[in-house]
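Notebook open, structure loaded. I want to go through the charged pairs before anything else, then the core, then the overall numbers.

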Amino acid sequence: DSRKSEVLTLTLTRDSSLMFSGIKYMPNIKLGAQNNAEDGSFYSLSQDSVMNLSVAYANQENVNLVYYYDTVDADANTISSPGASIDASIFGGAEGLSNWTTKNTVRFVQRDNISPKEFESFRNDSLILANTFDYSAGKRKAKTLASGHVYSFATESGQLGLLLVKDIVGQESGSIIFSIKMLD
């Protein structure tokens with residue numbers, strides 16, 4: 001009979017001994033693409049610092065993220081890590097990525113389920129933990145970036161977080177502004 005219906009009520013509770021934890025928030029990080037002379041292309045999560053190629057080369061063990069405009073694979077605006085396969089022509093020379101001995105790797109998964117507004121408003125680790133992924137399932141590059149894209153990321157050492165692309169200007173000489181929220 002089409003007039004019959006059932007109502008199911010489900011109540012979820014959190015164990016009272018569990019607490020949400022705080023997060024580390026790095027707002028408005030600005031990186032320059034490979035031909036941007038003003039803004040560094042490299043970022044350290046642990047030091048919350050932007051570096052140019054020369055400084056990054058001297059601090060390879062601390063570099064997690066690299067921003068560049070990819071014309072080789074047509075991936076356009078890209079954030080990756082030194083451990084990704086980045087064409088040697090993008091950051092060349094004696095200090096270029098092909099000459100690095102330490103190449104940290106970060107993996108990314110795009111999250112269409114998280115809006116920029118939701119990213120900006122969360123204040124504890126719940127959204128990060130809810131979007132955690134198996135490290136091997138992530139991609140080594142976040143490609144064809146656009147304003148409003150949100151990515152989950154995981155480092156090979158187990159750091160977890162979310163990244164929101166806020167603004168992109170230009171190409172090989174351009175820049176990107178993004179924010180990160182990660183487990184503290």
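Entry 1, salt bridges. I started with Asp39, which pairs with Lys30 in a salt bridge, the closest N and O atoms sitting 3.6 Å apart. This is a predicted model, so I keep in mind that side-chain atom pairs count only at pLDDT 80 or more. Next I looked up how covered the two partners are. Asp39 has 18% relative accessibility, so I log Asp39 as buried, the cut-off being under 20%. Lys30 comes out partly exposed, with a relative accessible area of 38%.

Entry 2, the other pair. I found Glu120 and Lys166 joined by a salt bridge as well, at 3.3 Å from N to O. Glu120 belongs to helix H2 (residues 116–121) and Lys166 to strand S9 (residues 160–169), so this pair ties together parts that are 46 residues apart in sequence. I checked cover here too: Glu120 is partly exposed at 26% relative accessibility, and Lys166 is partly exposed with a relative accessible area of 28%. The total I get for salt bridges is two.

Entry 3, charges overall. I counted 16 positive and 21 negative charges in the chain, and their mean positions lie 7 Å apart.

Entry 4, the core. Which residues have the most contacts inside the largest nonpolar core? I got Leu65, Ile79, Phe178 and Ile180, in a core of 23 residues. Strands giving two or more residues to this core include S1 (23–32), S4 (65–70), S5 (76–80) and S10 (175–183). S10 gives the largest share, four residues.

Entry 5, a closer look at Phe178. I listed what Phe178 touches, leaving out residues up to four places away in sequence. Among them are Met26, Pro27, Asn28, Ile29 and Leu31, then Leu65 and Ile79, and also Leu163, Leu164 and Val165. Lys166 is on the list of Phe178 contacts too, and I already had Lys166 down as the salt-bridge partner of Glu120.

Entry 6, the whole chain. I logged three helices and ten strands, running β-β-β-α-β-β-β-α-α-β-β-β-β along the sequence. The C-alpha atoms fill a box of roughly 75 × 40 × 30 Å along the principal axes. Of the 184 residues, 45% count as buried. For accessible surface I have about 9800 Å², with 47% of that belonging to carbon and sulfur atoms. Last item: among contacts between residues at least 6 apart in sequence, 58% join residues at least 24 apart.

Note on methods:
Residues are numbered from 1 along each chain as its sequence is written. This is a predicted model: local features need pLDDT of at least 70, side-chain atom pairs count only at pLDDT 80 or more; totals for chains, interfaces and linings use all residues. Side-chain values use heavy atoms; hydrogens and water are left out. Buried means under 20% relative accessible area, exposed over 50%, partly exposed in between (1.4 Å probe, protein chains only). Contact means heavy atoms within 4.5 Å. Accessible areas come from the Shrake-Rupley method with a 1.4 Å probe; for residues, only the protein chains shown count as cover. Lys and Arg count as positive and Asp and Glu as negative; His and the chain ends are not counted. The place of a charge is taken as NZ of Lys, CZ of Arg, CG of Asp or CD of Glu. A salt bridge is a side-chain nitrogen of Lys or Arg within 4 Å of a carboxyl oxygen of Asp or Glu. A nonpolar core is a set of buried Ala, Val, Leu, Ile, Met, Phe, Trp, Tyr and Cys residues joined through side-chain atoms within 4.5 Å.
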